[in-house]
Amino acid sequence: MKIKSAEFVISNTDFRKCPAGNRPEYAFIGRSNVGKSSLINMLTGRNGLAKTSSTPGKTLLINHFMVNNEWYIVDLPGYGYARRGKEQREQLRHIIQTYILGRQQMTNLFVLVDSRHEPQAVDMEFMNWCGEHNVPFSIVFTKMDKLGRDAGQRNIEAYKQQLGETWEELPPIFITSSQDGRGRDELLDYIDSINKQ
Ligand code: GDP
């Protein structure tokens with residue numbers, strides 16, 4: 001899919017105030033610092049569209065970006081930021097869960113996982129929560145340029161194995177790097193194929 005336009009539309013904490021209309025929404029989520037903003041910029045080819053920040057986990061906002069006047073990229077707040085207080089974590093959980101479960105336009109959720117780490121409990125729990133609630137989602141491994149082929153592949157296999165213990169069928173998996181553009185065509189083609197259904 002060719003990206004003809006991509007622009008920021010609105011930020012919200014409440015999914016009921018998200019844009020009206022029934023354009024499909026593709027939401028991106030992951031732990032703070034996983035590389036979400038970089039991936040959104042890489043996919044749209046617009047550097048600086050989503051902010052990349054050196055202070056992880058500051059924002060609690062749901063950000064909508066309109067692409068090609070046809071569909072939205074939705075940038076969800078990062079989860080699992082350990083330094084947050086209990087109250088803020090609870091607020092974050094509420095914002096994320098009400099959007100994912102309540103927003104009918106939410107077509108697919110991309111769960112970003114840092115390929116440098118072995119399976120992390122907070123990511124596994126989140127994916128299991130998605131499964132329990134029948135949320136359509138895919139896994140996107142980020143920062144693959146930072147690892148040698150073998151190490152990256154090992155971590156991905158470890159995730160697959162852990163998920164395979166509880167799941168009969170694994171979700172689609174994408175391997176990406178915002179640095180070298182790996183996975184861009186695959187992700188955009190996947191979104192395109194769903195839009196055309
Ligand atoms: P976010 O908090 O999930 O939005 O993460 P950011 O996109 O702000 O990225 C966090 C840090 O990881 C930044 O320093 C990025 O430059 C770096 N980063 C993100 N994606 C990649 C990638 O694909 N490769 C490399 N080498 N670094 C990345």
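**Reading helix H2 and its sheet**

Modeller: In this predicted model, the exposed residues Lys-86, Glu-87, Glu-90, Leu-101 and Gly-102 sit on the face of helix H2 that is turned away from its buried side.

Colleague: Which residues of H2 are buried, and what covers them?

Modeller: The buried residues of H2 are Leu-92, Ile-96, Tyr-99 and Ile-100, and what covers them includes strands E2, E3 and E5.

Colleague: How do you know that the buried residues line one face of the helix?

Modeller: Looking down the axis of H2, one finds its buried residues within an arc of 95°, and therefore they line one face. An α-helix has 3.6 residues a turn, so residues three or four places apart point the same way.

Colleague: What span should the 17 residues of H2 have, and how far apart are its end C-alpha atoms?

Modeller: At 1.5 Å a residue, H2 (residues 86-102) should span 24 Å, and because its end C-alpha atoms are 23 Å apart, the two values agree.

Colleague: Why is Asn-22 called exposed?

Modeller: A residue counts as exposed if 12 or fewer other C-beta atoms lie within 10 Å of its own; Asn-22, which is found in the loop between E1 and E2, has 7 such neighbours, so Asn-22 counts as exposed.

Colleague: What makes E1 and E7 the edges of the sheet?

Modeller: Seven strands form an open, mixed sheet in the order E1-E3-E4-E2-E5-E6-E7. Strands E1 (6-12) and E7 (173-175) each have a single partner strand, so one side of each is left without a neighbour in the sheet. For E7, three bridges join it to strand E6 (residues 137-142), and the two run parallel.

Technical notes
Residues are numbered from 1 along each chain as its sequence is written. This is a predicted model: local features need pLDDT of at least 70, side-chain atom pairs count only at pLDDT 80 or more; totals for chains, interfaces and linings use all residues. Two strands pair if DSSP finds at least two bridges between them. Helices (H or I, at least four residues) and strands (E, at least two) are DSSP runs, numbered from the N terminus. A residue is buried if 20 or more other C-beta atoms lie within 10 Å of its own, exposed if 12 or fewer, and partly exposed in between; C-beta atoms are placed from the backbone. The expected span of a helix is 1.5 Å times one less than its number of residues. The arc is that of the directions from the helix axis to the C-beta atoms. Two residues are in contact if their C-beta atoms, placed from the backbone, lie within 7 Å.
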